[in-house]
Amino acid sequence: MEYRFEDRNAAREYAKSHKFDIAGEGLTPEQIQEQEQALINRIFMIGYLLHRYKSPSKPWSPYLMDNLIGENNQCNGGSGKSFMFKALEHFTELCTISGKNIRVFDNTHWAERITKNTGIVLVDDLAENFPMKQLYDTISGSVVIDKKNVASYELGFNDTPKFCMTTNFVPREFNPSTVRRTIYGVVSDYYHSQSPENDYLETRSIADDFNGDLMREGSYSEEDWNADANFVMQCVRFYLSVAPLKIKIEPKLDNIMHRKLAAEMNDCFRDWAEQYFSEDGDNLDRFLIRQDVAEDFRHYANLPKSTMQTFSRALRAFCTLSEHIDTLNPEEFCNGAGRIIRRIKSPDGLSTKSAEMIYVRSAKAAAEQENANTAASEAPTDDEPF
């Protein structure tokens with residue numbers, strides 16, 4: 001909205017006339033659908049958190065993150081993630097824990113403020129390298145309450161609160177164990193802060209749209225409180241209406257996956273790969289010895305101890321994000337284990353040995369192959385007249 005108008009006055013007029021409108025004429029149908037899906041996801045999250053029943057088959061933790069693609073995994077705070085969860089303290093007992101300390105759950109007293117009446121625990125502002133594994137048992141199991149100078153006791157799964165999280169960073173873990181316990185949600189950068197480090201033209205906060213602080217005792221009208229209470233009940237009703245379907249409603253995560261892939265290859269790897277697999281180079285559409293390619297990168301980056309696993313992960317990310325590349329290791333070349341194995345000659349040419357290969361298929365070669373296949377399928381057979 002800051003860059004799509006000729007002047008700031010036009011932008012402000014559009015914002016004023018489309019306040020809280022997620023389907024304005026300034027948006028494409030795809031953008032409108034994306035925003036509607038994000039809204040439904042948000043309603044689903046709130047309904048899930050405020051419904052106190054806990055199902056062992058749905059040990060979920062809502063997880064809000066920024067949708068904006070930043071350079072070099074740049075974090076973008078101030079978008080309103082924490083506010084959404086903290087606002088729920090008006091409807092249930094909420095306990096907040098800082099996620100900036102990656103060892104916070106190593107402290108045996110971390111849960112001392114949690115009681116049987118606590119409905120939600122917000123682990124706020126997770127650090128980039130926060131280890132999600134340490135929360136697995138907590139989210140889907142019991143919690144030991146260990147207060148200082150008091151005998152510890154255990155809250156069973158049915159009595160433990162539900163956990164939710166916010167972060168400015170892309171989750172590093174998208175493994176099955178994490179995904180199974182998580183409801184992902186994304187927040188746009190509609191609310192943001194202007195600074196010398198970004199390209200924003202203005203600062204916009206939640207208070208700007210609501211003429212003051214939301215949900216603050218003494219300055220919030222009875223009508224507003226009533227509207228919020230009704231909205232929250234509608235969220236719970238919506239969640240209950242879809243709960244029998246055993247589905248988890250999440251938003252479009254394309255930007256998040258893009259950021260995750262970009263984070264898996266640093267600038268050094270990207271610079272090397274753009275040269276090594278350039279459109280005009282000789283390393284596309286041919287078999288290459290995997291070990292030799294990895295050694296070339298290690299020499300370029302001066303990283304003699306870089307692991308093959310790290311190299312392969314970065315290479316997959318590069319091939320996925322590069323527009324001129326179609327596929328890394330096409331399926332037709334791979335064995336049952338998904339690897340390409342070929343016999344190669346020894347340096348002296350007297351013997352051969354097996355070696356793992358990589359094959360980076362260009363988008364150009366893939367298009368040519370598709371055209372050839374189409375032409376072959378449309379060609380007349382011998383018994384068909386021209």
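Biologist: Is R298 buried or exposed?

Modeller: R298 counts as buried, at 10% relative accessibility. The cut-off for buried is under 20%. Keep in mind that this is a predicted model.

Biologist: Which salt bridges share partners here?

Modeller: R8, E202 and R204 are joined into one network by salt bridges that share partners.

Biologist: Back to R298. Which side chain does R298 meet in a salt bridge?

Modeller: First the general idea. Side chains of opposite charge can pair when their charged atoms come close. In this structure the partner is E295, with 2.9 Å from N to O. That passes the test, because a salt bridge needs the nitrogen within 4 Å of a carboxyl oxygen.

Biologist: How far apart are E295 and R298 along helix 10?

Modeller: Three residues, so about one helical turn separates E295 and R298.

Biologist: And is E295 buried, partly exposed or exposed?

Modeller: E295 is partly exposed, with a relative accessible area of 40%. R298, at 10%, is buried.

Biologist: Where else do two side chains meet about one helical turn apart?

Modeller: Look at helix 9, residues 267-276. R270 and D267 sit there, three residues apart. Their side chains form a salt bridge, 2.8 Å from N to O. R270 is partly exposed at 23% relative accessible area. D267 is partly exposed too, at 36%.

Biologist: What separates the closest N and O atoms of K252 and D254?

Modeller: The distance is 3.8 Å, and the pair forms a salt bridge. The pair counts because the limit is 4 Å. K252 has 37% relative accessibility, so K252 is classed as partly exposed. D254 has 49% and is also partly exposed. The exposed class starts over 50%.

Biologist: How many salt bridges does this rule give?

Modeller: The count comes to twelve. Among them are K252 with D254, R270 with D267, and E295 with R298.

Biologist: Now a residue without charge. Where does A294 lie?

Modeller: A294 lies in helix 10, which spans residues 290-301. Its relative accessible area is 0%, so A294 is buried.

Biologist: Which residues does A294 touch, beyond those up to four places away in sequence?

Modeller: A294 touches M308 and F311. Contact here means heavy atoms within 4.5 Å.

Biologist: What is the C-alpha separation of A294 and S306?

Modeller: The two C-alpha atoms are separated by 8.9 Å. Along the chain, A294 and S306 are twelve residues apart.

Definitions and conventions
Residues are numbered from 1 along each chain as its sequence is written. This is a predicted model: local features need pLDDT of at least 70, side-chain atom pairs count only at pLDDT 80 or more; totals for chains, interfaces and linings use all residues. Side-chain values use heavy atoms; hydrogens and water are left out. Helices (H or I, at least four residues) and strands (E, at least two) are DSSP runs, numbered from the N terminus. Buried means under 20% relative accessible area, exposed over 50%, partly exposed in between (1.4 Å probe, protein chains only).
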